[in-house]
Amino acid sequence: MESEVKPWCIRSNVVRLSLIVPLMGLITAGSAAPAARSLVEAPAASMPPRLAVLIVIDGLTSRQFSEFSGPSAPRSLRKLLAASSVNGRASYGYAATYTAPGHATLATGVHPSTHGVCANSWIDPASGHKVYCVEDSAYPVLGDRLKDRSGISPKHLLADTFGDRWKASRPETLYYAVAAKDRSAVLLAGRRGEAYFFSDRSARFVTSRYYRHDYPAWWRRYYARSERAAPGARRSRWRSNILTRDEATLAFVRELIASTGIGAGSGRTDVLAVGFSALDAANHRWGPESPESAWVLRRLSIHLAELIEVLEGTAGPSGYVLALTSDHGFSRAVEPSDRVDGDRIAADLDGYLKARYGVGRAVRGWAGPLIYLDRTALSAVGADPGEAAREAVRYLRRDGRLRNAYTASDLLAGQGPRHARRSLAPSAGGDVYLLQRPGTILVRSSEKNTRASHGTPYAYDARVPVVYYGLGRPAPSSTTEIAAALEAVGGAS
Ligand SMILES: [Zn+2]
């Protein structure tokens with residue numbers, strides 16, 4: 001990797017980098033977040049760390065980070081932050097700021113145009129079927145079924161994660177990823193890690209046949225024990241209330257650390273990635289400024305403090321390194337007039353193109369930032385799908401509900417804004433790329449309860465906090481640098 005100097009060599013001198021970083025700043029218009037600083041006093045260590053940890057808090061905005069890391073934060077969390085380098089305004093350099101591209105980018109260090117996970121789901125141009133980013137019918141979930149998923153694997157992830165690269169050169173590395181959302185866990189686990197994600201059906205963290213043929217003994221013991229201790233009660237709470245999933249995640253991670261030996265070995269550095277998913281749900285439903293999101297955040301800070309204590313107890317305070325960040329920011333809760341109905345736009349565009357080309361159906365659907373034309377139907381009436389895409393762009397630019405639109409073929413050919421080009425890979429298919437107006441959210445007609453969202457290149461979506469603990473370097477300004485920083489501590493060659 002890029003680093004010639006191993007971070008633990010830097011850390012062995014207890015360096016004081018005295019980094020003054022702007023913790024907060026211009027996040028959204030009107031936000032007067034304070035400028036703050038953070039000092040790096042990395043823990044001393046003469047050996048490579050036993051554990052490299054990546055924590056991803058789904059939808060944590062820079063403003064929310066300043067709240068949960070403030071004076072009221074639990075002591076262990078404050079202590080870790082005081083010894084960390086913090087950049088409250090790191091950013092994603094692409095437009096499609098959704099959960100799946102975010103996690104894939106953090107784990108691989110490359111943009112969606114390279115790792116191929118351009119949205120949470122897309123439409124397969126050949127079959128016309130919707131493709132969920134981590135769905136794979138070849139690998140069913142072990143002993144369980146997930147709603148709307150035939151199976152789970154990372155087959156759509158086209159790049160190695162830092163843990164993959166690490167494990168390829170050091171097979172003895174233990175590499176686990178846990179998150180309530182399957183896409184978060186799977187994309188953090190890459191192709192060589194082991195992913196566990198929450199099943200609504202069984203209220204358990206489960207995995208798929210891609211990772212294992214059967215559950216490990218510790219997993220069976222854990223669920224047998226928790227069933228005896230509180231038959232159904234705790235799990236049914238976790239099942240029924242998405243806001244308590246972080247508690248379930250922490251409990252499972254605790255068990256995994258205690259049972260697998262991750263971070264406890266000498267002479268090797270293991271990888272643990274943890275995604276906390278509840279905040280995203282609260283932010284969508286009530287907005288990041290809501291009391292409900294503040295409640296989730298407060299609980300999250302307690303869970304993080306507990307996790308830090310577990311990590312210290314397992315690997316020692318100087319025996320682990322940690323990067324904490326978010327997969328995307330968030331809009332504020334918007335007024336009804338700033339909700340843009342993507343279904344309506346797609347239907348109106350379909351009507352326009354049908355009339356223009358005399359075709360039965362011109363638009364197949366939309367997913368993430370992409371509109372998919374019915375190329376077969378257009379070709380059948382003698383229309384050129386490429387020209388239809390250009391006509392769609394002209395229509396959408398006149399229409400005014402969006403900020404802009406681009407043909408996918410132009411973006412893939414290197415034309416158009418960089419943030420959109422970085423969001424798109426050929427594997428996503430798609431014909432027209434949509435760019436929203438600032439301050440609006442793009443929703444489906446059925447999403448009546450969504451008050452805030454993300455998925456744009458604007459600062460409120462693209463800026464996220466990054467915390468580096470023990471990594472011997474300042475927290476970066478680009479989220480693509482995190483994977484390389486973590487990879488470097490493993491000494492991968
Ligand atoms: Zn979200």
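Where does alanine 203 sit? In this predicted model, its place is the loop between β6 (194-199) and β7 (204-206). Some notes from going through the rest, in no strict order.

1. Start with that alanine. Phi of alanine 203 is near 55°, so to speak on the positive side for a residue other than glycine. Most residues other than glycine have a negative phi. As for surroundings, alanine 203 has 19 other C-beta atoms within 10 Å, and because burial needs 20 or more, it counts as partly exposed.

2. Aspartate 148 is another one to look at: not a glycine, yet its phi is positive at about 65°. You'll find aspartate 148 in the loop between β4 (130-132) and α6 (162-169). It has 8 C-beta neighbours inside 10 Å, and since 12 or fewer means exposed, aspartate 148 goes down as exposed.

3. Now the helices, beginning with α10 (residues 245-260). Its 16 residues at 1.5 Å each should span 22 Å, and the end C-alpha atoms are indeed 22 Å apart, so the two agree. The buried residues of α10 include Arg245, Asp246 and Glu247 as well as Leu250, Phe252, Val253, Leu256 and Ile257. Right after α10 comes glycine 261, with a positive phi of about 85°.

4. Helix α12 covers residues 291-315. With 25 residues at 1.5 Å a residue, the expected span is 36 Å, and the end C-alpha atoms sit 36 Å apart, which agrees. Among its buried residues are Val296, Leu297, Leu300, His303, Leu304, Leu307, Ile308 and Leu311. Have a look at how those are placed along the helix, keeping in mind that an α-helix has 3.6 residues a turn, so residues three or four places apart point the same way. Glycine 316 follows α12, and its phi is positive, near 90°.

5. For α15 (residues 385-399), the 15 residues should span 21 Å at 1.5 Å a residue; the end C-alpha atoms are 20 Å apart, which agrees. Buried here are Ala388, Ala389, Glu391, Ala392, Val393 and Leu396. The cover over those buried residues includes three helices' worth of material to click through, namely α13 (342-357), α14 (375-380) and α16 (408-412), along with the strands β12 (370-373), β13 (404-407) and β14 (432-435). Glycine 400 comes after α15, with a positive phi near 90°.

6. How do α13 and α15 pack, by angle and axis distance? The angle is about 130° and the axes are 11 Å apart. That makes α13 oblique to α15, and the crossing of α13 past α15 is right-handed. On the α13 side, Leu349, Tyr352, Leu353, Arg356 and Tyr357 take part, meeting Ala388, Glu391, Ala392, Tyr395 and Leu396 of α15. Sorted by class, this contact has eight nonpolar residues, two charged and no polar ones. Ala388, Glu391, Ala392 and Leu396 also turn up among the buried residues of α15.

7. Last, leucine 412, which is in helix α16. It has 17 C-beta neighbours inside 10 Å, so it counts as partly exposed. Leaving aside residues up to four places away in sequence, leucine 412 touches Leu424 and Pro426. For alanine 425, 13 residues away along the chain, the C-alpha separation from leucine 412 is 7.2 Å.

Technical notes:
Residues are numbered from 1 along each chain as its sequence is written. This is a predicted model: local features need pLDDT of at least 70, side-chain atom pairs count only at pLDDT 80 or more; totals for chains, interfaces and linings use all residues. Helices (H or I, at least four residues) and strands (E, at least two) are DSSP runs, numbered from the N terminus. The expected span of a helix is 1.5 Å times one less than its number of residues. Two residues are in contact if their C-beta atoms, placed from the backbone, lie within 7 Å. Axes are lines fitted to C-alpha atoms, for helices over the stretch in contact, and angles run from 0 to 180 degrees between N-to-C directions. Angles under 35 degrees count as roughly parallel, over 145 as roughly antiparallel, 65 to 115 as roughly perpendicular and the rest as oblique. A crossing is left-handed if the near helix is turned anticlockwise from the far one by less than a right angle, and right-handed if clockwise. Ala, Val, Leu, Ile, Met, Phe, Trp, Tyr, Cys and Pro count as nonpolar, Asp, Glu, Lys and Arg as charged, and the others, Gly among them, as polar.
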